[in-house]
Amino acid sequence: MPWKVCLSDIDYGPEELARVTEVLRSKWLSMGDVTREFEARFADFLGVRHAFLVANGTAALHLANLAVGVGPEDEVIVPSLTFVATANASVYCGATPVFADIVGPHDLNVSPEDIRAKITGRTKAITVVHYGGYPADMDAICAIAREHNLKIIEDAAHAPGATWKGRMAGTIGDVGCFSFFSNKNLVTGEGGAVVTNNDDYAEQIRLMRSHGMTSLSYDRHKGHAFSYDVIRLGYNYRATEITAALACVQLEKLPRLNKRRAELASEYRECLSRIDGIEIPFSTHPGCSAHHLMAILLPIGTDRAQLMATLRDQGIQTSIHYPPIHKFSAFASSPRVESRLQQTECVATREMTIPLHPLLVEADVHSVGDTLHSCLDSDRERQ
C-alpha cells in the first residue's frame with residue numbers, strides 16, 4: 001500500500017547514480033579500486049586501522065566471530081533484543097549463544113550486570129549491539145572483558161557515526177561490524193563492513209572474505225599476480241564495486257543525515273511527551289547516537305497489533321524491534337537459553353518502532369504523534 005509516512009526511506013540522488021554509472025562504464029564489477037577507496041575512507045572516518053567491505057552485515061558478524069577465535073564448545077554472550085543474525089553468526093562457528101537481558105525500559109542495550117552473570121568457563125566473547133544507534137555502556141563491558149579475558153565484538157549495524165565518550169561505535173571492542181542494508185543509516189541495499197585495529201585479525205578477515213586466497217581476481221586482472229594459493233578456509237563474502245560506489249557517496253552524506261535524524265528524534269520526543277503512558281527509551285543516554293530507530297514503549301495493556309493495524313490503515317508504517325531471539329523456535333532447545341529474561345520480555349511486548357529517516361519533515365512527525373495520540377485515546381475510551 002502507499003504509505004503517507006513510511007518507516008524508512010533512502011536519501012539517493014544524482015551523486016549515487018553518477019558513481020554507479022562510472023563503475024558500469026569501467027566494466028569491472030567485482031572488488032577493485034572503488035572498494036579500496038571506500039575501505040580507506042571508512043577506516044579514516046572511524047579512526048581505525050583496518051576496514052573491509054563485505055557482502056552484508058551478517059557476513060561481517062561471521063567473520064568477526066571467526067577472527068577472534070570463536071569455535072565449537074565456546075559460548076558467546078549476546079543480547080536477545082536484536083536481529084537474529086547477531087546470534088546466528090556465533091552458531092555458524094559451532095558456538096552457543098548465551099542470551100543476556102537488557103538494562104531496562106530506559107535503556108534497551110545489553111546489561112553489563114547480566115553479562116557478568118552469564119559468564120562461564122566456556123565463554124569466549126561478548127557481542128554488543130548498539131541498539132537503535134545508542135552505544136551500550138562500553139566502559140563497563142570492556143572492564144568485564146578484561147577481567148575475564150574475553151573478546152568483544154561490536155554489532156554496530158545501527159550505529160555508524162555514533163560515539164561513546166568520544167570514541168566511534170565499532171572501534172572500541174576487538175572487532176566492529178556494520179550493515180548497509182536498505183533501512184540503515186548508510187545504505188547500499190546489501191553490504192556491510194568489518195573493522196579492527198588488530199593487524200592479525202585484519203589479515204584473517206582479508207583472507208576469509210575471499211576463499212582464503214592469497215590474491216584476488218583484480219590483482220591478476222592488473223597483472224600483479226598470475227596464480228594464487230589457498231592458505232585457510234574462506235568464504236565468498238566479497239562485495240561489489242557497485243556496492244562500494246554507493247557506499248562512498250553515502251559515507252559523504254552520513255554526518256548530515258545523522259544530524260537530520262537527531263533533529264527529528266528530538267522533535268518526536270517533544271511531541272510524544274504529551275501522550276500519557278508512552279515511554280521513550282534513551283532519554284538520558286550519555287553517548288552520541290546515530291538515531292537509527294525511533295523506538296517507543298506503549299502504555300501497559302495496549303493492544304499493539306490492533307494499534308499497528310489502525311496506524312497502517314491511516315497510512316503510517318510501524319514495526320517491532322525486536323521479537324526476542326530466545327523465544328524463537330530455532331533456539332528453544334539451546335542448552336543455555338534462559339527460561340526468562342525479565343526486562344527483555346517486558347519491553348518486547350510494548351515496543352513499537354515509528355518512522356524515522358532523513359527525508360521526513362516536521363509535519364510528518366506531528367502527524368504520527370497526533371494520530372498515535374488519537375488512537376490511544378480511543379482505545380482508552382473503549383476500555
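Two strands count as paired here if DSSP finds at least two bridges between them. Keep that in mind for the sheet, and bear in mind that this is a predicted model.

By that pairing, seven strands form an open sheet in the order β1-β11-β10-β7-β6-β2-β3, and the pairing is mixed. At the edges are β1, residues 50-54, and β3, residues 96-100, each of which pairs on one side only. From one strand to the next, the twist averages 20 degrees.

Take the β1 edge. β1 runs antiparallel to β11, residues 192-196, and five bridges join the two. One residue to find on screen is F52, whose bridge partner in β11 is V194. Packed on the sheet is helix α3, residues 57-67. Helix α3 touches β1, β2, β7, β10 and β11, and its direction makes about 170 degrees with that of β10.

Now the empty space. How many cavities of 30 Å³ or more does the structure hold? There are two.

The largest cavity has about 60 Å³ of space. Its lining includes Y131, Y134, R269, F282 and M294. By class, that lining has eight nonpolar residues, one polar and one charged.

The second largest cavity has about 40 Å³. Among the residues lining this second cavity are D9, D11, K184, N185, Q250 and R261. What is the class make-up of this lining? It divides into four nonpolar, two polar and four charged residues.

That is the sheet, the helix on it, and the two cavities.

Methods. Residues are numbered from 1 along each chain as its sequence is written. This is a predicted model: local features need pLDDT of at least 70, side-chain atom pairs count only at pLDDT 80 or more; totals for chains, interfaces and linings use all residues. Side-chain values use heavy atoms; hydrogens and water are left out. On a 1 Å grid over the protein atoms alone, a cavity is a set of points where a 1.4 Å probe fits but cannot get out, and a pocket is an open set with protein on both sides within 12 Å along at least five of seven lines; lining residues have an atom within 4 Å of a point. Grid points are joined across faces, edges and corners, and a volume is the space filled by probe spheres set on the points. Ala, Val, Leu, Ile, Met, Phe, Trp, Tyr, Cys and Pro count as nonpolar, Asp, Glu, Lys and Arg as charged, and the others, Gly among them, as polar. Helices (H or I, at least four residues) and strands (E, at least two) are DSSP runs, numbered from the N terminus. Axes are lines fitted to C-alpha atoms, for helices over the stretch in contact, and angles run from 0 to 180 degrees between N-to-C directions. Contact means heavy atoms within 4.5 Å.
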